[in-house]
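Reader: I've got this model open and I'd like a close look at one part of it, starting from a single residue and working outward. Could you walk me through it in plain terms?

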Amino acid sequence: MANLKEIQRKIGSVKNTQKTTRAMKLVSSAKLNRTKELAEQSKVYAAKITEMIQDIASTVSKHGESLDNVFFKEMKNPKVVDIVFVTADKGLCGGFNSQTIKRVNFLLEKYAADNVKVRLRAIGKKGISYFKFNQIDMLQEISDLSAAPTYERAAAFINEAVEDYIKGATDKIIVVHNGYVNMITQEIQEEQAVPVDASAMAADVVSTSELELEPDDDDTLLEALVKRYLEYVMYYALIDSLAAEHSARMQAMEAATTNAKEMVDKLSVQYNKARQEAITTELIEIISGVESMK
Amino acid sequence: MKTMKLEIVTPGGVIYHGDIKQVTLPGEQGEFGVLPEHASLVSLLDAGVIDIETADNKEILVAINSGYIKIDENKALCIVDGAVALTDEDGSISDNIQAAKDLLKSAEVSSTTMANVVGKIEAIGR
């Protein structure tokens with residue numbers, strides 16, 4: 001027979017856990033609302049600047065202009081690929097981090113098979129500790145950006161990668177993050193930052209005339225524009241990832257609270273049974289005692 | 001008369017979206033006007049005022065600090081860091097003139113541009 005005291009203690013402990021998970025859920029949902037607002041605000045800008053860049057890229061490729069700009073030159077066989085990925089600083093959010101890590105691992109294997117050197121640029125404690133544990137080197141790591149993204153720091157982070165790209169140290173930059181879709185869904189987003197992918201644009205939207213630039217030393221204008229674009233892509237990835245993290249954590253904590261409730265119910269039944277058993281035994285003892293006195 | 005689409009977007013959201021007949025923009029190398037059927041162009045924008053003539057003949061003014069514009073035959077997409085609409089959709093002057101001045105001040109433009117823009121803003125104010 002299970003000890004009554006023991007069951008009671010267990011129920012108490014599970015109830016405490018339930019309190020914690022419920023509180024965490026509430027915190028996450030409050031944070032999610034704030035982040036969601038931020039994400040929606042910057043979503044339009046992110047979408048439009050992407051549209052602009054892709055528009056330029058496809059106009060350039062359609063008219064076969066020799067736009068002598070590194071950002072628009074498609075590398076046939078990239079030798080070095082940089083992967084920038086975003087994970088959370090904290091756990092307890094279901095499969096949120098492991099999904100991103102899984103995708104990064106998949107990319108690592110894919111490029112390894114093609115003999116391409118991959119360099120990792122990590123954002124977020126969870127991803128960093130995973131790759132550290134597996135003894136995979138990271139080129140760049142930053143651990144307190146994903147919880148509180150600011151434009152300046154996001155820009156500084158991606159600019160290091162862009163400098164490398166301009167210098168020719170890398171041929172391609174990919175950004176991977178787990179993005180927010182709605183309250184219950186997160187989706188892995190993988191975006192090729194540079195070189196700008198012209199194929200993503202529908203051909204019929206492309207303008208018929210040749211592209212003109214003003215001021216026409218194209219390096220300053222396009223470089224500034226593309227840098228701006230990349231900074232924003234990075235910033236938006238961080239915000240999107242943060243929103244996804246909070247929604248994932250909300251879900252995980254909700255599930256944990258429900259589980260705890262079920263467990264309390266089960267334990268209560270067990271406790272009642274044990275209590276009944278104890279009473280019955282006691283009664284039998286008293287009765288048999290009385291009988292023997294007769 | 002032909003019209004084209006114009007969109008002005010800032011990190012804070014869409015400032016203007018609609019059909020227009022003509023738009024005058026503060027380009028890096030001087031002000032320039034754009035009509036529908038304009039050839040493709042990408043340009044850097046300086047601090048200043050965007051003057052829009054909408055399809056239904058209303059004049060809308062938007063102050064910006066800096067940004068880029070991509071023009072096609074039938075659409076123009078303007079991406080700016082900060083913008084303040086000086087006139088409302090119906091053409092009346094909104095009370096954003098002070099906000100626009102602050103925006104330009106924070107952009108740290110040269111004094112001549114500043115004077116030029118302030119003059120323009122005040123001309124609307126009257």
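**Starting from one leucine**

Author: Let's begin with L222(A), which counts as buried because 23 other C-beta atoms sit within 10 Å of its own, where 20 or more is the cut-off. Bear in mind that this is a predicted model. L222(A) belongs to helix α5 of chain A, residues 218-293. Which residues does L222(A) touch, once its neighbours within four places in sequence are left aside? They are N69(A) and F71(A). For a sense of scale, take N115(A): N115(A) and L222(A) are 107 residues apart along the chain, and 32 Å separates their C-alpha atoms.

Now on to the strands of chain A. Strand β2(A), residues 117-123, is mostly covered, with five of its seven residues buried. β2(A) pairs with β1(A), residues 80-86: the two run parallel and are joined by seven bridges. If you want to find that pairing on screen, look for V80(A), whose bridge partner in β2(A) is K117(A). Between these strands you'll find helix α2(A), residues 96-113, and β1(A), α2(A) and β2(A) form a right-handed β-α-β unit.

β2(A) also pairs with strand β3(A), residues 140-142, again in the parallel sense, over three bridges. Here the pair to click on is I123(A) and its bridge partner in β3(A), I142(A). A second helix comes in at this point: α3(A), residues 125-133, makes a right-handed β-α-β unit with β2(A) and β3(A). So β2(A) takes part in pairings with both β1(A) and β3(A). As background while you look at the strands, side chains in a regular strand alternate between the two faces of the sheet.

Next comes α4(A), residues 151-167. This helix has 17 residues and spans 24 Å from its first C-alpha to its last, close to the 24 Å expected at 1.5 Å a residue. There is still a kink in α4(A), of about 25°, centred on N159(A). Which residues of α4(A) are buried? They are A154(A), F157(A), I158(A), A161(A), V162(A) and Y165(A). After the helix comes G168(A), with a positive phi near 90°.

Let's finish where chain A meets chain B. Chain B has two helices and nine strands, and going from the N terminus the nine strands come before the two helices. Of the 126 residues in chain B, 37% are buried. Among contacts in chain B with a separation of 6 or more, 51% are between residues 24 or more positions apart.

How many residues of chain B are in contact with chain A? There are 22, and they meet 22 residues of chain A. The elements of chain B giving two or more residues to that side are β1 (4-10), β2 (13-27), β4 (41-45), β7 (67-71) and β8 (75-80). β4(B) provides the largest share, four residues. By type, this side of chain B divides into 10 nonpolar, seven polar and five charged residues.

β4(B) also pairs with a strand of the other chain: β6(A), residues 212-214, and β4(B) run in the parallel sense over three bridges. To locate that pairing, look for E214(A), which stands opposite S43(B) in β4(B).

Terms used: Residues numbered from 1 in each chain as written. Chains lettered and ligands numbered in written order. Predicted model: local features only at pLDDT ≥ 70, side-chain atom pairs only at ≥ 80, totals over all residues. Buried ≥ 20, exposed ≤ 12 C-beta atoms within 10 Å, placed from the backbone. Contact = placed C-beta atoms within 7 Å. Nonpolar A, V, L, I, M, F, W, Y, C, P; charged D, E, K, R; others polar. Pairing = 2+ DSSP bridges. Right-handed = clockwise from strand over helix to strand, strands pointing away. Expected span 1.5 Å × (residues − 1). Bend = angle between axes of the 7 residues up to and from the residue.
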